[in-house]
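I opened a fresh notebook page for this one. These are my jottings, in the order I looked things up.

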Amino acid sequence: MDNERWSMKGATALVTGGSKGIGRAIVEELARFGVVVHTCCRNEEELNAMLNQWKSMNLCVTGSVCDVSNHAQREKLMHEVQSIFNGKLDILVNNAGTGGPGWRPATQITSEEYSSLMATNFESSFHLSQLAHPLLKASGRGNVVFISSIAGTGGFPEGVAVYCCTKGAINQLGRALACEWAGDMIRVNCIAPGIIKTSMTQPF
Ligand SMILES: NC(=O)c1ccc[n+]([C@@H]2O[C@H](COP(=O)([O-])OP(=O)(O)OC[C@H]3O[C@@H](n4cnc5c(N)ncnc54)[C@H](OP(=O)(O)O)[C@@H]3O)[C@@H](O)[C@H]2O)c1
């Protein structure tokens with residue numbers, strides 16, 4: 001491959017949930033193409049371990065501790081991103097997500113568990129995109145990538161009903177924002193992976 005042709009040198013990205021799994025792979029791939037990446041997760045120890053590892057690999061990655069299910073922490077994260085990247089963001093990857101309290105039948109899901117799953121997977125993706133909009137617009141070539149799932153379009157018997165709803169909602173949000181923000185030169189896409197071996201899918 002012609003590396004120069006595919007270089008993304010100088011671009012900036014926020015990838016949520018980059019300490020492991022799919023998010024970690026996205027962080028590393030973008031950073032290898034020259035993108036300056038900021039990421040976040042809840043576990044400070046794991047984040048610091050990854051930041052040290054990326055430094056030793058000469059990858060340009062910074063990070064914050066942030067629970068994306070929390071409104072105030074999302075605002076704080078975006079303030080940090082705004083300051084680190086001088087008000088311009090080229091790529092937002094809404095990756096952080098969870099299966100919630102474990103894969104259980106819909107009849108057993110409590111209202112707290114429902115709210116937590118919706119806040120982590122869907123509300124965070126909407127609110128972070130909303131907060132990032134001025135930064136993406138300022139870039140002139142903004143990109144939003146939602147990490148959805150095949151669970152967002154199918155029906156499954158494994159006790160994933162609410163998870164499926166969060167991903168279905170993300171798909172629809174992606175379609176709507178792709179139209180609404182096209183005039184701001186912000187491209188919006190959804191990626192819907194099948195099952196990938198990460199900590200989230202260990203029970204399967
Ligand atoms: N694996 C699959 O088969 C699969 C298939 C389709 C779609 N997906 C989607 O892909 C995304 C990543 O999944 P994965 O399999 O890579 O999961 P994973 O290995 O469990 O990694 C999840 C990442 O998100 C972070 N995270 C989780 N909850 C968070 C929160 N409330 N605030 C901030 N960060 C949070 C985790 O760090 P902390 O725990 O430290 O916060 C971790 O960095 C999810 O949206 C998932 O729904 C996965």
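My notes go from the whole chain down to single residues.

**Entry 1: what I have**
I am working with a predicted model, so everything below is read from a prediction. I started by going along the chain for its elements, and I found five helices and six strands. Their order from the N terminus is β-α-β-α-β-α-β-α-β-α-β. I then looked up the radius of gyration, which is 17 Å, close to the 17 Å that the globule rule gives for 204 residues, so the chain is as compact as a globular protein of that length. Along the principal axes, the C-alpha atoms fill a box of roughly 50 × 40 × 40 Å.

**Entry 2: inside, outside, charge**
I asked what share of the 204 residues counts as buried. I got 44%. For the outside, I noted about 10700 Å² of exposed area, with carbon and sulfur atoms supplying 53% of it. I looked at contacts too: taking those with a separation of 6 or more, 72% are between residues 24 or more positions apart. On charge, I have 17 positive and 17 negative side chains. The centres of those two sets lie 5 Å apart.

**Entry 3: the cores**
Which residues touch the most other members of the largest nonpolar core? I wrote down V81, L89 and V144, in a core of 23 residues. I checked which elements feed this core, and α3 (71-84), α4 (111-139), β5 (142-147), α5 (161-180) and β6 (186-191) each supply at least two residues. The element that gives the most is α4, with four residues.

I stayed with V81 for a moment. Setting aside its neighbours within four places in sequence, I see V81 in contact with L14, H38, L89 and L135. I also found a second, separate core, with 20 residues, including A31, L51, L59 and V61.

**Entry 4: I109**
I picked I109 next, and I found it in the loop between β4 (91-94) and α4. Is I109 buried or exposed? My note says partly exposed: its relative accessible area is 21%, and a residue has to be under 20% to count as buried. Leaving out residues up to four places away in sequence, I109 touches R104, Y114 and V162. I looked up how far off V162 is, and the pair is 53 residues apart in sequence but 8.6 Å apart in space, C-alpha to C-alpha.

**Entry 5: positive phi without glycine**
I went looking at backbone angles and stopped at two residues. N86 has a positive phi of about 50 degrees, although it is not a glycine. I placed N86 in the loop between α3 and β4, and I have it as exposed, at a relative accessible area of 69%.

M185 has a positive phi as well, about 60 degrees, and is not a glycine either. Where is M185 found? I traced M185 to the loop between α5 and β6. M185 is exposed too, with a relative accessible area of 55%.

**Entry 6: K55**
My last stop was K55, in helix α2 (residues 44-56). I have K55 down as exposed, with a relative accessible area of 65%. I also checked K55 against H79: the two are 24 residues apart in sequence and 23 Å apart in space, C-alpha to C-alpha.

Key: Residues numbered from 1 in each chain as written. Predicted model: local features only at pLDDT ≥ 70, side-chain atom pairs only at ≥ 80, totals over all residues. Heavy atoms only, no water. Rg over C-alpha atoms; globule rule 2.2 N^0.38 Å. Buried < 20%, exposed > 50% of the residue type's maximum accessible area, 1.4 Å probe, protein only. Contact = heavy atoms within 4.5 Å. Areas by Shrake-Rupley, 256 points an atom, 1.4 Å probe, with all protein chains shown as cover. Lys, Arg positive; Asp, Glu negative; His and termini not counted. Charge placed at Lys NZ, Arg CZ, Asp CG, Glu CD. Core = buried A, V, L, I, M, F, W, Y, C linked by side-chain atoms within 4.5 Å.
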